[in-house]
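Trainee: Please take a close look at one part of this predicted model, the place where domain 1 and domain 2 meet. What holds there, residue by residue and in total?

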Amino acid sequence: MKTMQANVVTPDGSVYNGQVEMVSAKTTEGELGILPGHLPLVTPLDVGAVRLKHDSKIQLIAVSGGFMEVRPDEVNVLAESAELPSDIDVARARAAKERAERRLEQAKKDNIDFKRAEMALKRAINRLDVANK
Ligand code: ATP
């Protein structure tokens with residue numbers, strides 16, 4: 001089976017690098033699956049799980065936005081934050097989720113605090129999803 005190099009990096013350093021058979025990621029336009037030989041592209045990422053298929057196993061990574069750069073033999077995910085399931089602190093994500101939910105109840109729908117709380121809630125739910133899969 002054909003493979004390509006996949007790298008996931010954050011401002012804190014590398015989270016993953018290795019040969020993979022497929023990458024799928026949540027872009028701002030929707031879910032996008034990449035196979036080796038894909039045409040070059042750069043796309044912004046949403047908060048979501050990046051899936052890396054290797055030896056028929058799927059490695060999940062929780063990513064909080066950033067960019068994905070695709071070349072025929074390489075995919076680079078440049079993420080604002082990225083965690084492997086084993087690195088996710090579930091208690092911290094649960095606390096962040098509850099904090100964000102409280103703030104959403106208090107904040108008015110159109111203000112900056114509401115948007116911030118919405119994004120924080122998305123990150124927390126994504127981490128809990130990835131940690132539980
Ligand atoms: P919190 O309110 O708990 O800080 P957050 O969504 O605001 O959550 P981020 O700003 O996205 O956090 O991330 C800051 C740093 O903390 C990043 O390096 C990220 O990987 C790490 N991080 C955040 N939440 C968790 C978690 N639940 N488990 C492991 N690492 C986390």
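Mentor: Glu83 forms a salt bridge with Arg127, and their closest N and O atoms are 2.8 Å apart. Between domain 1 and domain 2 the count of salt bridges is two. Polar contacts between the two domains amount to five residue pairs, both partners being at pLDDT 80 or more. On the side of domain 1 that touches domain 2, the elements giving two or more residues are strand E5 (41-54) and strand E6 (57-71). Of the elements on that side, E6 gives the most, with five residues. Sorted by class, this side of domain 1 has seven nonpolar, three polar and two charged residues.

As for the bounds, the domain assignment of the protein chain puts domain 1 at 4-85 and domain 2 at 89-132. Their C-alpha centres lie 23 Å apart. In the contact itself, 12 residues of domain 1 meet seven residues of domain 2. The size of an interface is often given as the accessible area lost when the parts come together. Here the buried area is about 730 Å², and carbon and sulfur atoms give 61% of that. Val47, Ala62 and Pro85 supply 51% of what domain 1 buries against domain 2, more than any other three residues.

One annotation concerns residues 90-117, where UniProt, in an unreviewed entry, places the feature "coiled-coil region". Over residues 90-117 the model has 82% helix and 0% strand, with the end C-alpha atoms 18 Å apart.

Methods. Residues numbered from 1 in each chain as written. Predicted model: local features only at pLDDT ≥ 70, side-chain atom pairs only at ≥ 80, totals over all residues. Heavy atoms only, no water. UniProt positions renumbered as here; feature names shortened; annotations may be inferred. Helix = DSSP H or I, 4+ residues; strand = E, 2+ residues; numbered from the N terminus. Domains from an automatic or database assignment. Contact = heavy atoms within 4.5 Å. Buried area = accessible area lost by both parts, 1.4 Å probe. Salt bridge = Lys/Arg side-chain N within 4 Å of Asp/Glu carboxyl O. Polar contact = N/O pair within 3.5 Å; in protein donor to acceptor, adjacent residues only side chain to side chain. Nonpolar A, V, L, I, M, F, W, Y, C, P; charged D, E, K, R; others polar.
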